[in-house]
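Let's walk through a protein model together, one part at a time. Keep the picture open as you read, and look for each residue as it comes up.

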Amino acid sequence: MCFCLLCAVAGWSATRSVTTLSNGWQFYPAYDVSRHPKAETVSVPHTWNLNDVFNGMKYERGAYMYERQLNYDAAQMQGKRVFLKFDAVNSFAEVAVNQQYVGHHAGGYTAFCLEITDKLKDGDNKISVLASNAYRTDVAPLAGDFNVYGGITRPVKLIITGSDCISPLDYGSCGVYVHQDKVTREQADITVETMLSLSGVQGKAVRVSIIDDGGTVVAEQTSAVSSHISHQTALSIAHPQLWDGRDNPYQYKVKVELMADGRVVDCVEEPTGFRFFSIDVDKGFFLNGKHLDLHGVCRHEEGYKTAGLYNEAAMKQDADIIRDLGSTGVRFVHYPHSKYDVQMYDERGIVLWYELNLAGPGGYNSPGYMKNPQFEANVMQNLIEMIKQNYNSPAICFWSLCNELSFKYDEPATFLRELNAKAKQIDPQRLTTLAICYSQDGFQGITDTFGWNKYFGFYENQSGVGEFFDQAKIEANGIPMGLCEYGAAGSPNQHGFEKKVTNRIHYEENQARVHEENWRDMYKRPYAWCKFIWQYSDNPSSIRDEGDYRGMNDKGIVTYDRKVFKDSYYFYKANWNTEPMLYIAARRYTQRTDAVTDVKVYTNQPQATLYVNGKKIGKAKKDDISRIVFKNVTLREGENTITVKAGKLTDECRCTFNPNAKKEDAKPQGGRLDGAVN
């Protein structure tokens, strides 16, 4: 398929044209250098690992070629510049035009942009992209409890500008940075920095307009251009509408126009929101001067059957589910997520912890960091790209430098300090953080704050996360800390009330119990500035061999296909969500062998009434973690109908009591997601 560049500039108005190159890519193994390789036609985003998710613990890490044609009319395109922007190629990319090298990029979760103007010839041109997710020690991540899917995993854009433009080449960003110099409820003082690519400065100017959501220009400034960087420093908005989290996720539009002799020659528009925030070591997180308990989930950018591919519908669905849960914050793990994904949380008023792809081994035997100059250079570049590409997001309040690094291998602290210094240099307004799981030793003082990954009641064979945190707070020496991972595995296909966990036994009821115990301790501790569940949904991970399916981490409170919301999801919805809700727990535990049982209900209503087989059993009040437990309820032999009512709400489920059934532990065989057994 040949794409005509002139089509992209149809209706050209002297500003830029942006076209997504989705269809018509030829795809074949990189090792096939024959004259006519056997290729298939694919659309991007694309990965060769799409079906590997369903094969359990195996997925391919290799290299493939993507190629497509561009038609270029040199006469008609005179004075135009042509750029290719890749939102992500995982994990390493080399780009050529007409078999001539243009550039490369290492790191599969940040964008990069290359100018191809001088490589194009009149007529047809071939664009070639080598993509590789092969393991290598100079590209992050080196480790991690997630899969690294190969391919052009996010959109490719063709950008055409005039000879003078707002540069798309500054680390893959839009070239416009909105600095929030000082924001209060009374006034927002703003500097807009614009990166320019110019043939000369004579007669050039930059106009910046800040526009409210009704289309009114609330601040504007025009400045003559004197260099390749333009600063509009005297922009102020009196009594701004603040981006105020879920209460009011208000955003303005920042419009930047490059002008030559009074004529607009390029334009970039960016949404942003104005807010101020801080952390108190004893009281937690504050947004716009008000305390905000940051609770929510950890989330991978992977939808069902997408294998990490960019998918707007899946990202929107997840954001809606997470909002409806009652989340005030989300931790994006363990790599930079796409700009559209960030946008979903900007729009919903949910604060983001945004993480670099410097992932450690956790409890596994692999280094997350190597004192290798090439590796360090790659991570540093990915950090700069991560910050610059997402600079204008109001939801992002924290840049996370790493997850679960260890001092078992090369010492990472020195390099982490370099990363932190660079993050502060680029963006002094936001806070830096990192996630640890072993010890505070060596990590203290590197970042503004930090978070713990702790699994009390699951990996740690005790309860008492609260006592741990009280002691950890003392040892933190005044550095704010949060809980950025906690939880337990849980299968909606496995049921039992025993506190029993093995490699294969992951009772849904036990997962809920662990969450209840952890939340009861943590909600009382506001100094834990974040409380993020591991994790939002079950997620593929090739190193896992446990639970129902090989290659799956089943600690999600929602299943991988988003079809089953586990009991623990409703537990948090009762605690975090303000809309009236009522839910009977253990409803999928339908085959019972005990005549006497407890009936547990999650609700944000003050009290509820229980009926069994139409007979009223009693009324009870919710406890401090939004549970109502009706003790010692007797079931009759055969089918039982359990009904709970709270005000206008009613929930009902059924279970069967068979006194002669043999009680056996769940013993799943470790099948694949499609139900087959490996």
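Before we start, one sorting rule will help: Ala, Val, Leu, Ile, Met, Phe, Trp, Tyr, Cys and Pro count as nonpolar, Asp, Glu, Lys and Arg count as charged, and the others, including Gly, count as polar. Please also bear in mind that the model in front of you is predicted.

Now try the rule on an enclosed space inside the protein. The second largest cavity has a volume of about 60 Å³. Its lining consists of Arg61, Ser91, Asn133, Ala134, Tyr135, Arg136, Val139, Ala140, Pro141 and Val148. Sorted by class, this lining has six nonpolar, two polar and two charged residues.

How large is the volume of the largest cavity? The value is about 130 Å³. There are 15 residues lining the largest cavity, and those closest to its centre are Tyr109, Tyr149, Glu301, Gly308 and Tyr335. Here the lining divides into five nonpolar, seven polar and three charged residues. Counting cavities of 30 Å³ or more, the model has six.

Next, let's turn to the helices. Helix α6 covers residues 465-475 and helix α7 covers residues 508-522; their axes come within 8 Å and cross at roughly 40°. The two helices, α6 and α7, are therefore oblique to each other. Where they meet, α6 supplies Val465, Gly466, Glu467 and Phe469, while α7 supplies Asn518, Asp521 and Met522. Three of these contact residues are nonpolar, two are polar and two are charged.

Helix α7 also packs against helix α8, residues 567-576, at an angle of about 30° and with the axes 8 Å apart. Why is this pair called roughly parallel? Angles under 35 degrees count as roughly parallel, so α7 and α8 earn that description. On the α7 side, the contact involves Glu508, Gln511, Ala512, His515, Glu516 and Trp519, and on the α8 side Asp567, Ser568, Phe571, Tyr572, Asn575 and Trp576. This contact has five nonpolar, four polar and three charged residues.

Our last stop is a sheet. Strands of a sheet pair through backbone hydrogen bonds, either parallel or antiparallel. In this model, five strands form an open sheet in the order β34-β40-β39-β36-β37, and the pairing is mixed. At the edges are β34 (591-592) and β37 (615-621), each of which pairs on one side only. Strand β39 (residues 638-646) pairs with strand β40 (residues 649-657) in the antiparallel sense, over nine bridges. To see one of the bridge partners, find alanine 646 and look for leucine 649 in β40.

Conventions. Residues numbered from 1 in each chain as written. Predicted model: local features only at pLDDT ≥ 70, side-chain atom pairs only at ≥ 80, totals over all residues. Heavy atoms only, no water. 1 Å grid on protein atoms, 1.4 Å probe; cavity = no way out; pocket = protein on both sides within 12 Å on 5 of 7 lines; lining within 4 Å. Points joined across faces, edges and corners; volume = space filled by probe spheres on them. Axes fitted to C-alpha atoms, helices over the stretch in contact; angles between N-to-C directions. Helix = DSSP H or I, 4+ residues; strand = E, 2+ residues; numbered from the N terminus. Parallel < 35°, antiparallel > 145°, perpendicular 65-115°, else oblique. Contact = heavy atoms within 4.5 Å. Pairing = 2+ DSSP bridges.
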